[in-house]
Amino acid sequence: MRKNDIIRDIALALVLLTRLPLPKLPEPWFQRQAQAVWAFPLAGLAITLPACATASLALWLGLPAPAAAGLLLVVQIVLTGAMHEDGLADTADGFWGGFTTERRLEIMKDSQIGTYGVLALIMSLGLRWLALSALLPMGGIWPVLALSLLSRATMPVLMVALPNARKNGLSQSVGRPEVFPCIIGISLAVFLSALMIGSITIAIFAMLSATTVGLAILARRKIGGQTGDVLGTSQQLAELSGLLLLLVL
């Protein structure tokens, strides 16, 4: 992979997964979106570094851990535009609010949020907040940064493993990547995570793999494939399951 391709792929990943202020990219660059999925973990790192810096500053100033954890979540949500949280809510509404594939996809595309989506957000954010409140004083920011990498490596896996469930939308516009960029992304995430938190990376990777496989089976059964909402859900569930496992370990 050439240096120009690496820079271009990282820029594309940042445009796709963050709301960071970036210069407008040349239109031809977007033809490489499917190849740029290996850089998704780096986009997670770009989001979570300032969030962890904010939490660390809050702790240094004497704020309690729950306040620092709350600020960490706020910065993450702002820098992603709540993209992954929106995907989780839409997926929950669609998967359990409809009785046919067509109706589920229709619900997922609707901008309004239903009961299942609200409950999914409350439970997900609440558990992440509680887990981070306990984890930050014990493990610092390194486990959080590792999860930012690993959780975003799950999304290309679903893009490779499952067909697009609809003929339009974000996931379809990006395209279906090949296996090689997906493997690079996973390897990069695991390698950097191992540098941050050591051998515990293996257990977390196993947990995230099981979570992703379970979501893939459910998505295949419910809507016949994946959408951008399902990809966002995979990141949220992976991060949450990783946080809970870290507390156990």
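What share of the contacts in the chain with a separation of 6 or more comes from residues 24 or more positions apart? In this predicted model, such residues account for 76% of those contacts. The chain is built from 12 helices and 0 strands, and its radius of gyration of 17 Å is close to the 18 Å that the globule rule gives for 249 residues, so the chain is as compact as a globular protein of that length.

**Overall fold and dimensions**

- Read from the N terminus, the order of elements is α-α-α-α-α-α-α-α-α-α-α-α, in keeping with a count of 12 helices and 0 strands.
- Taken along the principal axes, the box that the C-alpha atoms of the chain fill is roughly 50 × 45 × 35 Å.

**Burial, surface and charge**

- Among the 249 residues of the chain, 50% count as buried.
- The area that the chain exposes is about 11,700 Å², and 69% of this area is supplied by carbon and sulfur atoms.
- The chain carries 17 positive and 13 negative charges, and the mean positions of these two sets lie 5 Å apart.

**Helix H7**

- Helix H7, which spans residues 142-152, has 10 of its 11 residues buried, so this helix is largely enclosed by the rest of the structure.
- The buried residues of H7 include Pro 143, Val 144, Leu 145, Ala 146 and Leu 147 towards the beginning of the list, and Ser 148, Leu 149, Leu 150, Ser 151 and Arg 152 also count as buried.
- As background to this pattern, an α-helix has 3.6 residues a turn, so residues three or four places apart point the same way.

**Cysteines**

- The structure holds 0 disulfides, which can be set beside the burial of two of its cysteines, Cys 52 and Cys 182.
- Cys 52 has a relative accessibility of 0% and therefore counts as buried, the cut-off being under 20%.
- Cys 182, at 8% relative accessibility, falls under that same 20% limit and so counts as buried.

**Gly 228 and helix H12**

- Gly 228 is placed in helix H12, which covers residues 228-248.
- With a relative accessibility of 27%, Gly 228 counts as partly exposed, because this value lies between the 20% limit for buried and the 50% limit for exposed.
- Although Gly 228 and Met 108 are 120 residues apart along the chain, their C-alpha atoms are separated by 10 Å.

Technical notes: Residues numbered from 1 in each chain as written. Predicted model: local features only at pLDDT ≥ 70, side-chain atom pairs only at ≥ 80, totals over all residues. Heavy atoms only, no water. Disulfide = S-S within 2.5 Å. Buried < 20%, exposed > 50% of the residue type's maximum accessible area, 1.4 Å probe, protein only. Helix = DSSP H or I, 4+ residues; strand = E, 2+ residues; numbered from the N terminus. Rg over C-alpha atoms; globule rule 2.2 N^0.38 Å. Contact = heavy atoms within 4.5 Å. Areas by Shrake-Rupley, 256 points an atom, 1.4 Å probe, with all protein chains shown as cover. Lys, Arg positive; Asp, Glu negative; His and termini not counted. Charge placed at Lys NZ, Arg CZ, Asp CG, Glu CD.
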